[in-house]
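Dear colleague,

I am handing over a structure that may be new to you, and I would be glad if you could look through it alongside the notes that follow.

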Amino acid sequence: EILQCQDLVHLKPANLSSGQSQLVGLGRALMRQPNVFIMDEPISHLDTRLRSRMRSYIKRLHIDLGYTMLYVTHDQEEAMALADRIAIMDVGSIVQIGTPQDVFHHPISTYVAGFVGEPPMNFLDCQAEQREGVYHLSFAGHPIPMPANGAALNQAQSVPRDVVVGIRPFYLDVAMQRSDQHTIPADVFVVEPMG
């Protein structure tokens, strides 16, 4: 009933869709109550509504029963929702391990920063320029104040010439006039009301 697959009980495996097969496989694994679950994209073929429901159910099982689960997914939203700790891989190598909050707020590379978060992080190729002993960043000829965490580099006079600035979309703010907080001219390409 939890998996909504009562009507599959009398079907042969050959008569199941790939999504139905995933449900049955997940149900069989849950019934065995193993010490460790190793799940390789267990809900990837389910429809959106059932996928969301199953994600909640898997998280609840993990919390209530204390199951150890290794869960492989290419869906970063799924990983962020389910994980206590995430290992992010790139070309077969682990590039960062941490809590969802840690990899979101402190990504180790542009790969991780671009992979984690929806919508993805924006990247600006900037140049560091020094005026009167103080660095600022320049993007397409427009000055950008040095971020607060760049102050230590600024003090040490060790800011590299080329800098990639990553900005999460929810930090962006739009204004009709230039100000200290609104320094980069841009065109709105599309607005997606997501609720």
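**Aromatic contacts**

Tyr171, or Y171, counts as exposed, with a relative accessibility of 55%. Before going further, please keep in mind that this is a predicted model, and that the notes below should be read in that light.

By the rule used for ring pairs, the count of aromatic pairs comes to 4. One of them joins F104 and F170, whose rings are stacked, with 5.9 Å from centre to centre and 10 degrees between the planes. F104 belongs to helix α4 (residues 100-105), whereas F170 is in the segment after β8 (162-167), so this pair ties together parts that are 66 residues apart in sequence. As for cover, F104 is buried, at a relative accessible area of 16%, while F170 is exposed, at 53%. F170 also pairs with Y171, and here the rings are tilted, with 4.5 Å between the centres and 45 degrees between the planes. Through these ring pairs F104, F170 and Y171 are linked into a cluster. A charged side chain joins the picture at F104, since R168 lies over the face of that ring, at 4.1 Å from the ring centre.

**Salt bridges**

The general idea behind this part is that side chains of opposite charge can pair when their charged atoms come close. The structure holds 3 salt bridges, and you may want to begin with R51, which takes part in a network of salt bridges together with D75 and E78.

In the bridge between D75 and R51, the closest N and O atoms are 3.2 Å apart. D75 sits in the loop between β2 (68-72) and α3 (76-82), and R51 sits in helix α2 (residues 48-65), so the pair ties together parts that are 24 residues apart in sequence. Both residues are partly exposed, D75 with a relative accessible area of 24% and R51 with one of 22%.

The side chains of E78 and R51 meet in another salt bridge, at 2.9 Å from N to O. Because E78 lies in helix α3 and R51 in helix α2, this pair ties together parts that are 27 residues apart in sequence. Is E78 buried or exposed? E78 is buried, with a relative accessible area of 1%, and the cut-off that matters for this reading is that buried means under 20%.

A further salt bridge is formed by D64 and R60, where the closest N and O atoms are 2.8 Å apart. These two residues are 4 residues apart in helix α2, and they are therefore separated by about one helical turn. R60 counts as partly exposed, at 45% relative accessibility.

**Strands and a hairpin**

Strand β3 (residues 86-90) and strand β4 (residues 93-98) pair in the antiparallel sense, over 5 bridges. Within this arrangement, I88 stands opposite Q96, which is in β4. The two strands β3 and β4 form a hairpin with 2 residues between them, and in the turn V91 has a positive phi of about 50 degrees.

How far apart in space are V188 and I88, C-alpha to C-alpha? They are 32 Å apart in space, and 100 residues apart in sequence. V188 lies in the segment after β8, and V188 is exposed, with a relative accessible area of 58%.

**A nonpolar patch on the surface**

Lastly, V36, I38 and L70 make a nonpolar surface patch of about 310 Å². V36 has its place in strand β1 (residues 36-40), and this residue is partly exposed, with a relative accessible area of 42%.

If you open the model with these notes beside it, a possible order is to start from the cluster of F104, F170 and Y171, to go on to the network of R51, D75 and E78, and then to turn to the hairpin of β3 and β4.

With best regards

Key: Residues numbered from 1 in each chain as written. Predicted model: local features only at pLDDT ≥ 70, side-chain atom pairs only at ≥ 80, totals over all residues. Heavy atoms only, no water. Patch = residues over 30% accessible without salt bridge, like charges linked within 9 Å, V, L, I, M, F, W, Y side chains within 5 Å. Areas by Shrake-Rupley, 256 points an atom, 1.4 Å probe, with all protein chains shown as cover. Salt bridge = Lys/Arg side-chain N within 4 Å of Asp/Glu carboxyl O. Buried < 20%, exposed > 50% of the residue type's maximum accessible area, 1.4 Å probe, protein only. Phe/Tyr/Trp six-rings, centres within 6.5 Å; stacked < 30°, edge-to-face > 60°. Lys NZ or Arg CZ within 6 Å of the ring centre and 35° of its normal. Pairing = 2+ DSSP bridges.
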